[in-house]
Amino acid sequence: MNVLSIVGSPIKNGVTEKLVDELTKGIASKNDKVEINKLFLQRQEIKPCFACQTCQKLFNDKCVIEDDMADNYPKILAADVLVFATPIYWWNVSAQTKLFIDRMYALLHKDDVSNFAGKKVILINTYGGERPNSGPKIVDRMFQDMCKYLNMDLVATVAVYTGKNSEEEVQEAMEHLFDLGAKL
Ligand SMILES: Cc1cc2nc3c(=O)[nH]c(=O)nc-3n(C[C@H](O)[C@H](O)[C@H](O)COP(=O)(O)O)c2cc1C
């Protein structure tokens, strides 16, 4: 199994990254032959898509923009499981995550979604605002639609509150994610 974690929080070793690491530890605990790669987007240069549409003419799984996405494309293609871990920023994914998702466009071949089809997706959201909180729901909905469009299987969405007095909930979420990984 090939797993690619995409960490969209700018905080190194923050809650978002720790949660994704628990999931991948769980996956590794039950799979001898697993390859796990992690992209920490904050340390990458990923420029915004400027809609030149060259990728939709050449279908070469590349983008004309020369930046760190060039190395990410083969990793996305090789992955059986994509783990998106993002903090909620303004009721949505972080800007780092959105830049990455927009640039996945280069792997789409018009209506042919075969570069994505069949992959499993796990979404981890962290949020610190008051509850009830629509941010995680909005992002889950976005991922449901994106995965349906790309024929990917959104196997789980885990939203984790990280605000005041959240230590116990975060700990429970860590355990839940480890178990989820072990069952994958
Ligand atoms: C720019 C910014 C925007 C945020 N917007 C929201 C929001 O809309 N809703 C929410 O519940 N939390 C919001 N938060 C809080 C983060 O989602 C929360 O602190 C998150 O758990 C951070 O995880 P990390 O420390 O792993 O990066 C925001 C934080 C920042 C810095």
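User: Happy to look at this predicted model with you. If contact means heavy atoms within 4.5 Å, which residues is F143 in contact with, leaving aside its neighbours within four places in sequence?

Analyst: Contact here is set by heavy atoms within 4.5 Å. With neighbours within four places in sequence left aside, the partners of F143 are F84, V93, I101, V121, L123 and L154.

User: Nice. Which element gives the most to the largest nonpolar core?

Analyst: That core has 32 residues, and I76, L82, F84, F100, M104 and F143 are those with the most contacts inside it. At least two residues each come from β1 (2-7), α3 (69-78), β3 (81-87), α4 (95-103), β4 (120-127) and α5 (135-150). With five residues, the top contributor is α5.

User: How many residues does the other core have?

Analyst: This second core lies apart from the largest one, and its members include V3, L19, V83 and L177. Its count of residues is 18.

User: On to the cysteines: how many disulfides does the structure hold, and why is C55 not bonded to C52?

Analyst: A disulfide needs two cysteine sulfur atoms within 2.5 Å. The closest cysteine sulfur to that of C55 belongs to C52, and because they are 6.3 Å apart, they are too far for a bond. C52 is in no disulfide either, as its nearest cysteine sulfur, in C63, is 6.3 Å away. The number of disulfides is zero.

User: Are C52 and C55 buried, partly exposed or exposed?

Analyst: Buried means under 20% relative accessible area, and exposed means over 50%. C55 has 10% relative accessibility, so C55 counts as buried. C52 has a relative accessible area of 31%, so C52 is partly exposed. In short, C55 is buried and C52 is partly exposed.

Definitions and conventions: Residues are numbered from 1 along each chain as its sequence is written. This is a predicted model: local features need pLDDT of at least 70, side-chain atom pairs count only at pLDDT 80 or more; totals for chains, interfaces and linings use all residues. Side-chain values use heavy atoms; hydrogens and water are left out. A nonpolar core is a set of buried Ala, Val, Leu, Ile, Met, Phe, Trp, Tyr and Cys residues joined through side-chain atoms within 4.5 Å. Buried means under 20% relative accessible area, exposed over 50%, partly exposed in between (1.4 Å probe, protein chains only). Helices (H or I, at least four residues) and strands (E, at least two) are DSSP runs, numbered from the N terminus.
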